[in-house]
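Thanks for coming. I will go through a few helix pairs and a few single residues, and then stop.

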Amino acid sequence: MSAHSATSLLKGRIALVTGSSSGIGAACAKILAEHGMQVIMAARRIEKLQTLSKQIEAAHPKPEVYQLDVRKEDEILSLFAHIRTIYGRLDLVVNSAGFADHTPTTDLSLARWDDIVATNLTGPFLVSREALKLMKPQKRGRIINIGSISSMIPRPHSIGYTSTKFGLEGMTRSLALDARDDGICVSIVHPGSTKTELMPQMEEKPADISMQADDVARTVLLMASLPDETNLLEATLLPVRQPFLGRG
């Protein structure tokens, strides 16, 4: 799909991107705004959101910024009340809020476990639940979850992160089933090694070992710009030399 056709399809539509203060979420917000969407950037770090919004505004309509902690149901409900009042609809959700954790299983506290689950799994559930309430009367809409190849092949010492990404994969399939009769598409992107704040150790890796967040964002754009009746359910995105297939 050409950049022009993606812009034509997406222009004027409303998108919510969680976790958009950095990394994959920020890259998704930027590319969606570049293609004409009114983007609501939601994350905990409001100052970071405001800085990124100004950078996007230089060449494109200004995204809206909204401080949000996806672990807190009341904040999610307030955000969706705002969306309903201001926009009256929602066309796209990108559930990108989340964080990686590399605590050995025997050292992982229940409090840390609960925080990982609340951010990586419960947050996307709550956002998706409220999004469906807006999208069902429209008989269209799209939810894209940011997963991980850890949902297929885990790294050592990542039981919390791995469990939530496995859960997000199952949630995606269940949502896709529950939403399809209302014309709503739900899908998931599984990135491999990506240079983000979640994985600072990847910053020095060459491009064929660790991707840029923009690479993932282009896949999200492809999913978002498909015709309303077409869903790319799942995509796995890898650096070419990612030690994932075979023995690596």
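In which helix is the place of A81? A81 sits in helix α4, residues 73–86. Before going on, the conventions: this is a predicted model, in which local features need pLDDT of at least 70 and side-chain atom pairs count only at pLDDT 80 or more, while totals for chains, interfaces and linings use all residues. Residues are numbered from 1 along each chain as its sequence is written, and side-chain values use heavy atoms, with hydrogens and water left out. Helices are DSSP runs of H or I with at least four residues, strands are runs of E with at least two, and both are numbered from the N terminus.

Back to A81. Its relative accessibility is 36%, so A81 counts as partly exposed. For that term, buried means under 20% relative accessible area, exposed means over 50%, and partly exposed is in between, with a 1.4 Å probe and protein chains only. From A81 to K30 the separation is 51 residues in sequence and 24 Å in space, C-alpha to C-alpha.

Now the packing of α4 on α5. These two helices pack at an angle of about 25°, and their axes are 10 Å apart. Axes here are lines fitted to C-alpha atoms, for helices over the stretch in contact, and angles run from 0 to 180 degrees between N-to-C directions. The angle makes α4 roughly parallel to α5. The classes are: under 35 degrees roughly parallel, over 145 roughly antiparallel, 65 to 115 roughly perpendicular, and the rest oblique. α4 passes α5 in a right-handed crossing, meaning that the near helix is turned clockwise from the far one by less than a right angle; anticlockwise would be left-handed.

Which residues meet there? From α4 they are E73, I76, L77, F80, I83 and R84, and from α5 they are G123, L126, V127, R129, E130, A131 and L134. By type, this contact divides into eight nonpolar, one polar and four charged residues. Nonpolar covers Ala, Val, Leu, Ile, Met, Phe, Trp, Tyr, Cys and Pro; charged covers Asp, Glu, Lys and Arg; the others, Gly among them, are polar. Contact means heavy atoms within 4.5 Å.

R129 is one of the α5 residues in that list. Leaving out residues up to four places away in sequence, R129 touches E73 and L77. R129 counts as partly exposed because its relative accessibility is 27%. Q38 is 91 residues from R129 in sequence and 21 Å from R129 in space, C-alpha to C-alpha.

Next pair: α5 and α6, where α6 is residues 159–179. Their axes come within 9 Å and cross at roughly 15°. α5 and α6 are therefore roughly parallel to each other. The crossing is right-handed. Residues making the contact include W113, I116, V117 and N120 of α5, and I159, G160, Y161 and S163 of α6. The full contact divides into 13 nonpolar, six polar and no charged residues.

H157 lies in the loop between β5 and α6. Its phi is positive, about 55°, although H157 is not a glycine. At 49% relative accessibility, H157 counts as partly exposed. K139, in the loop between α5 and β5, also has a positive phi, near 60°, and is likewise not a glycine.

H157 appears again among the contacts of T103. Leaving aside neighbours within four places in sequence, T103 is in contact with L108, H157 and S158. T103 belongs to the loop between β4 and α5. Is T103 buried or exposed? It counts as buried, because its relative accessibility is 18%. Its side chain makes a polar contact of 3.0 Å with the side chain of D101. A polar contact is a pair of N or O atoms within 3.5 Å; within protein, one must be able to donate a hydrogen and the other to accept it, and residues adjacent in sequence count only if both atoms are side-chain atoms.

Last pair: α2, residues 23–34, and α7. They pack at about 50°, with axes 8 Å apart. The two are therefore oblique to each other. The crossing of α2 past α7 is right-handed. The contact residues divide into eleven nonpolar, one polar and two charged.

S225 is in the loop between α7 and β9. At 2% relative accessibility, S225 counts as buried. Its side chain reaches the backbone oxygen of L221 at 2.7 Å, and a polar atom of that side chain lies 3.3 Å from the backbone oxygen of L222.
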